[in-house]
Amino acid sequence: MSMISFAPGAGVWLLVTPDTSYALRIDESGAPCHVAWGPRLTLEEAEELAAPRPSATSSFEGRPAVGEELPVDGGTRYGPPSLQVRFTDGSRAFEWEPTGHRMDENSPRTGELVLTFRDRRYPLHVALHYRVHTDTDVIERRTVVRNAGDQPVTLLRADSAAWTLPSLRDYRLSHVTGQWSAESQLRRDQLPYGETVLTSRRGITSHHANPWVMLDDGTATEEHGRVWSTALAWSGSWRITAQRTPDGRAGLTGGIGHDGTSVPLDPGEEFAAPPFLGLFTDGGFGGASRAWHAHALAHVLPHPDEVAPVLYNSWEATGFDVDEAGQKALAERAAALGVELYVVDDGWFGARRSDRAGLGDWTPAPDRFPDGLGPLVGAVHALGMRFGLWVEPEAVNPDSDLYRQHPDWVMHFPGRPRSELRHQLVLNFARRDVADWVHDRLTRLVGDHGIDFLKWDMNRAFSEAGWPGRQDGTDRLGPAYVRNLYGVIDRLRADRPTLRIESCSGGGGRVDLGILSRTDQAWASDNTDAADRMGIQHGYGQVYPARTMGSWVTDVPNQLTGRTVPLRFRFHVAMAGALGIGGDLRRWSEDELREAATLVAEYKDVRHLVQHGRLDRLSPPSDDAPSVVQYTAPDTSETLLLAWRRTARHGSPQPPVRLRGLTPEARYRDARTGAVHQAAVLTGYGMHLDLPPGDWSSAAVHLIRETEA
Ligand code: GLA
């Protein structure tokens with residue numbers, strides 16, 4: 001069956017993915033309308049669904065608020081518009097006039113449908129793009145708006161896409177909320193009637209919300225039920241509006257910018273909204289997560305097949321107190337543990353002795369690195385590790401040479417205060433000269449010192465986001481900033497293909513499918529407390545794969561929470577992602593170093609399962625019951641269980657854990673104990689994990705399929 005087909009009689013387009021379908025048509029007014037999004041359909045079945053049905057709407061009502069592919073501001077529409085334009089004569093409506101469609105299946109694995117339209121009166125063109133692949137149920141949608149006239153146009157809203165859900169008995173919204181050091185807190189709430197807005201007004205993706213949502217009818221579970229989910233591939237301000245109408249419908253619209261955004265479109269200019277991806281699954285929330293992970297590995301990450309190295313990061317060990325001797329001492333200890341990538345964090349440059357100065361001056365501090373970074377990089381390489389360096393290229397401390405030379409390079413409004421957060425301001429990356437300067441500086445930094453990895457941080461939200469000197473600059477700043485940021489990263493990578501990048505934004509403030517398409521991993525949170533981290537990682541993994549989820553083992557008592565948990569527990573939690581170590585190894589005892597080296601080696605034995613396997617969340621984070629995740633090889637030859645129990649309670653039930661996704665009828669051997677288990681018992685009846693007694697008890701169980709004798 002082809003990925004895209006068209007039934008001219010009914011005027012229906014049908015997109016098919018391995019297990020799902022998406023259908024749409026153009027109605028009598030010319031507007032693109034939704035037909036279906038759900039289980040797989042034939043074209044004939046899609047035609048049946050597209051057949052017009054008598055409308056129950058009275059003549060008092062306008063057009064239904066849910067059900068168009070991109071509800072515009074225009075005519076009798078009263079829902080949240082996905083596209084709102086203002087023409088120079090003051091007119092604000094858009095009226096759809098279809099101009100054609102293209103179905104492109106040139107690649108055997110990918111197909112694209114493009115529907116083109118123009119306004120009936122004004123020379124404004126709109127193209128709706130739909131991309132499908134043969135190996136994922138994710139449908140990528142985006143919208144391109146082009147001003148084909150000779151007068152400017154303003155886009156007051158230009159969303160990437162609107163998604164329509166089928167009529168369900170109820171609607172439940174899953175999403176994450178959070179704050180610094182408490183990102184990715186999973187929420188599932190009934191979707192209220194009216195409009196529910198999830199947004200970032202911060203210029204970055206944000207710690208407080210993340211641009212994905214899942215909707216179900218309130219009955220889906222981890223493994224069962226229909227779930228519709230969407231995720232926006234954008235790293236700046238964004239808004240997703242979920243709408244539930246009194247007539248029992250629900251839909252979503254999402255795109256860049258927040259309330260009050262307006263994007264100027266000069267004659268001939270085009271605005272390409274970023275992709276807004278959608279996924280339907282009937283495999284519950286676990287099925288949705290697995291599909292998103294597989295999609296990210298197949299179509300988003302730049303080097304999906306690579307295994308993330310075990311890294312060491314010096315931040316929690318040294319803070320700003322970074323120097324050559326101290327870093328060399330840490331590097332030696334890290335190498336002895338089996339670390340593969342050594343990352344020097346903040347504090348290595350300019351006058352950076354605290355967060356009050358130096359940001360922007362990307363040259364090694366002469367008093368700390370008298371001979372530059374060369375000797376340290378050489379030492380790290382000689383120890384067999386790659387070398388990584390922290391940078392925060394988009395920000396500047398007012399107390400820096402860069403700011404003293406270029407005070408106009410930061411975003412600001414003339415005559416208004418320049419608010420500081422973390423004692424810093426944000427460079428106006430929308431300015432080409434600023435982005436080029438940063439690109440040049442980073443190119444030299446990376447090239448001069450043989451740097452293999454950048455931890456690219458961005459530690460504050462925008463404020464006073466003005467662009468003086470350019471008439472429409474303030475309106476252009478948001479999208480141009482993100483595009484130039486992407487451009488600098490893309491150019492750096494292209495010039496130095498071996499460079500790997502970690503996305504960080506005060507922890508997990510910039511994790512999204514846009515940044516993940518050009519970085520290799522993300523720092524999920526500045527909170528490294530293993531107990532808190534269980535919840536953060538649970539939320540992170542709803543959409544983003546473990547391959548990208550940086551997770552460190554740090555010292556106790558934890559710097560943030562004051563909590564002390566065993567080294568083994570900390571390792572087992574961090575092993576659920578891309579393992580790193582961030583403790584002060586100079587203070588670790590010989591016993592701790594020995595145990596850590598063993599656990600690093602154990603992680604290396606199983607990381608291919610964590611980073612490229614299938615995730616089953618067998619039991620979610622809880623206070624006294626063990627939380628268990630399972631990572632299984634795509635060919636089901638091996639599986640890993642990670643189990644964590646925070647609090648032991650006498651008498652609390654300890655049911656066996658039923659595994660998933662094994663080869664039926666096979667036997668699996670426990671790599672540590674040698675015990676052999678039958679798959680049917682493991683999946684049908686379960687496995688007793690027998691966690692050691694006490695609080696903060698954890699286990700890693702690696703099972704390997706026995707080959708037939
Ligand atoms: C942010 C990052 C941390 C660390 C500090 C350095 O908070 O998230 O990991 O790099 O900056 O200042």
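Biologist: Which side-chain atoms of Arg422 come within 2.9 Å of an oxygen atom of the ligand, and how do I read that?

Modeller: This is a predicted model. Look for pairs of N or O atoms within 3.5 Å. Here an N or O atom in the Arg422 side chain is 2.9 Å from an oxygen atom of the ligand. The backbone can do this too: an N or O atom of Gly507 lies 2.9 Å from a ligand oxygen. Trp523 offers a polar side-chain atom, at 3.4 Å from an oxygen atom of the ligand.

Biologist: How much of the ligand does the protein bury?

Modeller: Compare the ligand alone with the ligand in place. Alone, the ligand exposes 310 Å². The protein buries 97% of that area.

Biologist: Which residues surround the ligand most closely?

Modeller: The ligand has 13 residues around it. Asp345, Asp346, Lys455, Gly507 and Asp526 are the closest. By type, the shell has six charged, four nonpolar and three polar residues.

Biologist: Where does the ligand sit?

Modeller: In the second largest pocket.

Biologist: How many cavities does the structure hold?

Modeller: A probe the size of a water molecule, rolled over the atoms, shows where empty space is left. This structure holds eight cavities of 30 Å³ or more. The largest has about 250 Å³ of space. Its lining counts 25 residues, and those closest to its centre are Gln537, Gly541, Leu615, Val629 and Tyr631.

Biologist: How is the chain divided into domains?

Modeller: Domain 1 covers 70–299, domain 2 covers 311–608 and domain 3 covers 618–705. Between the C-alpha centres of domain 1 and domain 3 there are 39 Å.

Terms used:
Residues numbered from 1 in each chain as written. Predicted model: local features only at pLDDT ≥ 70, side-chain atom pairs only at ≥ 80, totals over all residues. Heavy atoms only, no water. Near = heavy atom within 4 Å. Polar contact = N/O pair within 3.5 Å; in protein donor to acceptor, adjacent residues only side chain to side chain. Areas by Shrake-Rupley, 256 points an atom, 1.4 Å probe, with all protein chains shown as cover. 1 Å grid on protein atoms, 1.4 Å probe; cavity = no way out; pocket = protein on both sides within 12 Å on 5 of 7 lines; lining within 4 Å. Sits in = over half its atoms within 2 Å of the grid points. Nonpolar A, V, L, I, M, F, W, Y, C, P; charged D, E, K, R; others polar. Domains from an automatic or database assignment. Points joined across faces, edges and corners; volume = space filled by probe spheres on them.
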